[in-house]
Amino acid sequence: MKNVKAEKLPETVIFRLGLLGAFLTDRFSADVSSLGLKPKHAGMLNVLAASGPTSQMEMAQILRVAPSLVVALADHLESLGAIERLRDPADRRRQNLSLTSHGRVLLRKCLDAAEAIDAETTGDLTAVERADLHRILGTLADRLGLPS
């Protein structure tokens, strides 16, 4: 077997994105933890703000997580008064998640935290570089079928 040049690993896109992603996720997690939230909670709040009332099953598909995790996330957000569960009038077995006014406040605080981290992270980039970065990340997300 050929010797693998370990020093080449940091040159790969996947390694760099993974490293940056882990660092920035940890940073965002620390910032939103003071709100009693984790990044997946913020993601759920964002989906509800963008889509309106959403079933727990649909939420699991959108977030690409197990339905049991959606239940746990929703339980926590409901305990904070950020969402409410409403029976679907068309199917009483189904519960829709709906954002409350307090949930909108929490989402705004999450956005403020994300924007502050963005400013710190990309503050030295030119406007063109930031636009290119957004475009490239959006392209990668689209190719993988992820929300961009």
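How many salt bridges does the structure hold? The structure holds nine salt bridges. A salt bridge here is a side-chain nitrogen of Lys or Arg within 4 Å of a carboxyl oxygen of Asp or Glu.

This is a predicted model: local features need pLDDT of at least 70, side-chain atom pairs count only at pLDDT 80 or more, and totals for chains, interfaces and linings use all residues. Residues are numbered from 1 along each chain as its sequence is written, and side-chain values use heavy atoms, with hydrogens and water left out.

**Exercise 1. Check the length of helix H6 against its expected span.**

Step 1. Helices (H or I, at least four residues) and strands (E, at least two) are DSSP runs, numbered from the N terminus.
Step 2. The expected span of a helix is 1.5 Å times one less than its number of residues.
Step 3. H6 covers residues 127-143, which is 17 residues, so it should span 24 Å.
Step 4. Its end C-alpha atoms are 24 Å apart, which agrees.
Step 5. Look just past the helix: Gly145 has a positive phi of about 75°.

**Exercise 2. Describe the surroundings of Thr100.**

Step 1. Place the residue. Thr100 sits in the loop between strand E3 (91-99) and helix H5 (101-122).
Step 2. Classify its exposure. Buried means under 20% relative accessible area, exposed over 50%, and partly exposed in between (1.4 Å probe, protein chains only). Thr100 has 17%, so it is buried.
Step 3. List its contacts (heavy atoms within 4.5 Å). Leaving aside residues up to four places away in sequence, Thr100 touches Gly81, Ala82, Ile83 and Glu84.
Step 4. Add a distance. Ala74 is 26 residues from Thr100 along the chain, and their C-alpha atoms are separated by 12 Å.

**Exercise 3. Analyse the salt bridges of Asp31, Arg93 and Asp112.**

Step 1. Recall the principle. Side chains of opposite charge can pair when their charged atoms come close.
Step 2. Take Asp31. Its side chain meets that of Arg27 at 3.7 Å, N to O. Both lie in helix H1 (residues 13-33), four residues apart, about one turn of the helix. Asp31 is partly exposed at 27%, and Arg27 is partly exposed at 27%.
Step 3. Take Arg93. Its closest N and O atoms with Asp91 are 3.0 Å apart. Arg93 is exposed at 73%, whereas Asp91 is partly exposed at 25%.
Step 4. Take Asp112. It pairs with Arg108 at 2.7 Å between the closest N and O atoms. Asp112 is partly exposed at 38%, as is Arg108 at 41%. Both lie in helix H5, four residues apart, about one turn of the helix.
Step 5. Find the network. Salt bridges with shared partners join Arg27, Asp31 and Glu120.
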